Amino acid sequence: MWVTLTQPYNDRKGVVGGFWSNMAHHQTIALSSAAVPLGPLGQELAESNEAQEKIKVEQKQLSEGDRQVVVGSDGVISIPAVAHNKPSGYFASMKSFSGGQQLHCTGGFKAVYSLEVPRAGKYMLAIRVVTVQEGQKFLLTPNNSKVPVEIAVPYTLGQWQQTHPVEISLNAGKNELLLALQNGSRGVTLKDVTLSPVN
């Protein structure tokens, strides 16, 4: 039996979705309406029941190998997603089933990726991502340029996929890429950033 994939249910855009997407949506509504609200917890243990303002996520210690930027003999540069500096917003590093590490972030996440480029020129940049949401985008600012480059995040149905490549210019030597996930995005997991020289 062949199943055709249709657009997923999307309340914000008024998309009803296909049969299975619609079924999943109605199942979510049914489960939500059956949920029993819980009162404050912890009083019997003399614990505070006040909400914490900020919840700190424990970040795994990463090895140098996890953060190593690799330049191939063909000039292709591969930057692990966890090799960032100056991060802000919500993010978490975790082991990847495909090996190495991956980075999960939500809207408002920003980080700088520093790299040494062997030769100046134009490069095609793509990010390997996985997401179960649509309509999200990255904003990429190479070397403090005035206008960020928009990179649409594909709806990957939970599978790894690369974003559509965008062309950027890099200098020989040190370069910095500021990568931000647009506010309002619900969550994207990144594996790596690939830069391929334009011949």
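The following legends describe close-up views of a predicted model.

**View 1. Antiparallel pairing of β8 with β9 and with β12.** Strand β8 (137–142) is followed by β9 (149–152), and these two strands run antiparallel and are joined by four bridges. Strand β12, which covers residues 173–181, also pairs with β8 in the antiparallel sense, in this case over five bridges. L139 can serve as a reference point for both pairings, since L139 stands opposite E150 in β9, while the bridge partner of L139 in β12 is A180.

**View 2. The hairpin between β8 and β9, with N143 and N144.** Six residues lie between the two strands of this hairpin, in which N143 takes a positive phi near 50°. N144, found in the loop between β8 and β9, has a phi near 55°, again a positive value in a residue other than glycine. With a relative accessibility of 74%, which is over the 50% limit, N144 counts as exposed.

**View 3. L157 in the loop that follows β9.** L157 lies in the loop between β9 and β10, the latter strand spanning residues 161–162. The phi of L157 is near 55°, a positive value in a residue other than glycine. L157 is classed as partly exposed because its relative accessible area is 48%, a value that falls between the limits of 20% and 50%.

**View 4. Surroundings of Q136 in the loop between β7 and β8.** Q136 is located in the loop that links β7 and β8, and Q136 counts as buried because its relative accessible area is 5%. The side chain of Q136 makes a polar contact of 3.0 Å with the side chain of T131, and a polar atom of the Q136 side chain also lies 3.2 Å from the backbone nitrogen of G187. When neighbours within four places in sequence are left aside, the residues in contact with Q136 are T131, A152, V153, S185, R186, G187 and V188.

**View 5. Side-chain alternation along β11 and its pairing with β7.** In a regular strand the side chains alternate between the two faces of the sheet. Strand β11, residues 166–170, shows such an alternation, with V166, I168 and L170 pointing to one face and buried, whereas E167 and S169 point to the other face and are not buried. Strand β7, residues 121–130, runs antiparallel to β11 and is joined to it by five bridges. Within this pairing, M124 stands opposite E167 of β11.

Technical notes: Residues are numbered from 1 along each chain as its sequence is written. This is a predicted model: local features need pLDDT of at least 70, side-chain atom pairs count only at pLDDT 80 or more; totals for chains, interfaces and linings use all residues. Side-chain values use heavy atoms; hydrogens and water are left out. Buried means under 20% relative accessible area, exposed over 50%, partly exposed in between (1.4 Å probe, protein chains only). Two strands pair if DSSP finds at least two bridges between them. A polar contact is a pair of N or O atoms within 3.5 Å; within protein, one must be able to donate a hydrogen and the other to accept it, and residues adjacent in sequence count only if both atoms are side-chain atoms. Contact means heavy atoms within 4.5 Å.
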